[in-house]
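Please consider the structure shown below. The exchange after it takes up a pair of helices and the surroundings of a ligand.

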Amino acid sequence: MTLTPGITAHPFWQNANVPTLAERPLPAQVDALIVGGGYTGLSAARETAAAGLGTLVLEAGRIGAGCSGRNGGQVAYSLKPSLASLSAAHGPERAFAICREAFEAIAHLRALATAAGADCDWQERGCFYGAHTRRQFERMAQEAESQPRGLEQRISVVPRAEQRREIASDYYHGGCVYHDDASVDPMKLLLALLRRATEQGAMVSDRCRAESIRAVGGGFEVLTSRGVVRARKVLIATNGYSGALSPWHRRRVIPIGSYQICTEPLDVDRVRSLIPNGRNVVDSRRVVVYYRPSADGRRLVFGGRAALSEQDPLACVARLQSMMTRIFPQLSAARIDHAWVGWVAYTFDTMPHLGEREGIHYCMGYCGQGVPLAPYFGMRIGQQMAGLPRGRTALDGLAFPTRPYYGGTPWFLAPSVWAYRTLDELGW
Ligand SMILES: Cc1cc2nc3c(=O)[nH]c(=O)nc-3n(C[C@H](O)[C@H](O)[C@H](O)COP(=O)(O)OP(=O)(O)OC[C@H]3O[C@@H](n4cnc5c(N)ncnc54)[C@H](O)[C@@H]3O)c2cc1C
């Protein structure tokens, strides 16, 4: 293993651009209090503030502490359940409307990221989806050729014999190119959303944790690490970091660590030789890996599920590096200079959920696909809080399931990852 001396357990995206927010006294009373300063919370705050509600966002860490400042920046159609399974559960019309929301989410993100001054390193170069078995390749090719009408994506099937056009590796059995996929610098996107929220008048306080929420006289009293704030409306936007603040939500999201490493700066031609079209790459394994060149084309950012149980990101470097060099032996001498982890939020039905319970709004559960979904559904829940009809979505009112004996600690994760990894290795 080749670690760069001084390797940092810190997201590569946060090298230069993490702002220090001024610590201002909290207001005693606001209209809308939003817990969580990631894509969801800041997008919601922009809407409530724009609708004239006095808005306060509380972020326990520094801006970027959650997933939104440390993800892979890959943008893809992002609802996990198929149209067929959604149709079986909700009927064909609603299922179609649910799937369309995911297209709306990408269009919304594209508009945000390409707006004047947004400066998010948005690149529309597509994604190569590698098949880890021949059977997976056949399934992918078949799905690409029979896309549901109205939900089509631009997809090209790439047989194994032509794969080197896409990736300098024989690891895969062919794959598909999703031409509409894109990439973004996740931290720059977060800062753009922060600017949009504050420009509308929202106040954002970081290093301030919401400790408890109590219903009082038609509103709420929120105890924070810096005093009490009364709020007419509250949004929980804590996603994979949902904790003791709201046990009901905590029982409904499964926090799963996703780990990333980043190579030291390499020669641009060397990175281009690995992924000639500069695309994102993901693969069909159950324990998926995802990677892409950095926006300047000089590094490879590589991520996946490195450990059975949660670990220090530096302890996972060797495993991730060996996963990377199985695909690209050419990188066996490349040094790694950043490694980090973040907690994505899975749900028991693999759907995001937004709504209101006992007067408290919530929006979470993007199952590792929140780059497009969180800014979009965050916007919608903010509009719902402001009472705007355009905030309605096809997901409203979906039951948010939990399981017996689940309190928020996924005790089943290590055996599940082990089983999935074994199935992947066996090519099933
Ligand atoms: C390593 C990694 C790679 C990923 N790659 C991709 C990708 O390529 N594409 C993609 O679509 N998605 C990806 N994701 C997922 C995506 O980043 C998330 O779905 C998205 O950022 C969720 O945004 P959010 O605002 O809901 O949550 P977060 O950004 O996690 O924000 C929640 C915030 O709530 C705060 N909080 C929690 N409790 C409290 C409290 N009591 N008081 C105050 N604040 C609190 C936390 O500190 C946290 O900052 C990845 C995630 C990780 C970790």
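The following questions and answers concern a predicted model.

Student: At roughly what angle do the axes of helix H1 and helix H9 cross?

Tutor: Helix H1 covers residues 39–50 and helix H9 covers residues 370–385. Their axes come within 7 Å of each other. H1 passes H9 in a right-handed crossing, and the axes cross at roughly 35°.

Student: How many nonpolar, polar and charged residues does the contact of H1 with H9 have?

Tutor: On the H1 side, the residues in contact are Tyr39, Thr40, Ser43, Ala44, Glu47 and Thr48. They meet residues of H9 that include Gly370, Val371, Ala374 and Pro375. By class, this contact of H1 with H9 has eight nonpolar, seven polar and one charged residues.

Student: Which residue has a backbone N or O atom 3.4 Å from an oxygen atom of the ligand?

Tutor: Two backbone contacts involve ligand nitrogen: a polar backbone atom of Ala60 is 2.9 Å from a nitrogen atom of the ligand, and a backbone N or O atom of Gly72 also lies 2.9 Å from a ligand nitrogen atom. The contact at 3.4 Å, to a ligand oxygen atom, is made by a backbone N or O atom of Gly73.

Student: What percentage of the area that the ligand exposes when taken alone does the protein bury?

Tutor: Taken alone, the ligand exposes 1,000 Å². The share of that area buried by the protein is 96%.

Student: Which element gives the largest share of the shell around the ligand?

Tutor: The elements giving two or more residues to this shell are H1, strand S13 (254–263), strand S17 (336–346) and H9. The largest share is four residues, and it comes from H9.

How values were computed. Residues are numbered from 1 along each chain as its sequence is written. This is a predicted model: local features need pLDDT of at least 70, side-chain atom pairs count only at pLDDT 80 or more; totals for chains, interfaces and linings use all residues. Side-chain values use heavy atoms; hydrogens and water are left out. Axes are lines fitted to C-alpha atoms, for helices over the stretch in contact, and angles run from 0 to 180 degrees between N-to-C directions. A crossing is left-handed if the near helix is turned anticlockwise from the far one by less than a right angle, and right-handed if clockwise. Contact means heavy atoms within 4.5 Å. Ala, Val, Leu, Ile, Met, Phe, Trp, Tyr, Cys and Pro count as nonpolar, Asp, Glu, Lys and Arg as charged, and the others, Gly among them, as polar. A polar contact is a pair of N or O atoms within 3.5 Å; within protein, one must be able to donate a hydrogen and the other to accept it, and residues adjacent in sequence count only if both atoms are side-chain atoms. Accessible areas come from the Shrake-Rupley method with a 1.4 Å probe; for residues, only the protein chains shown count as cover.
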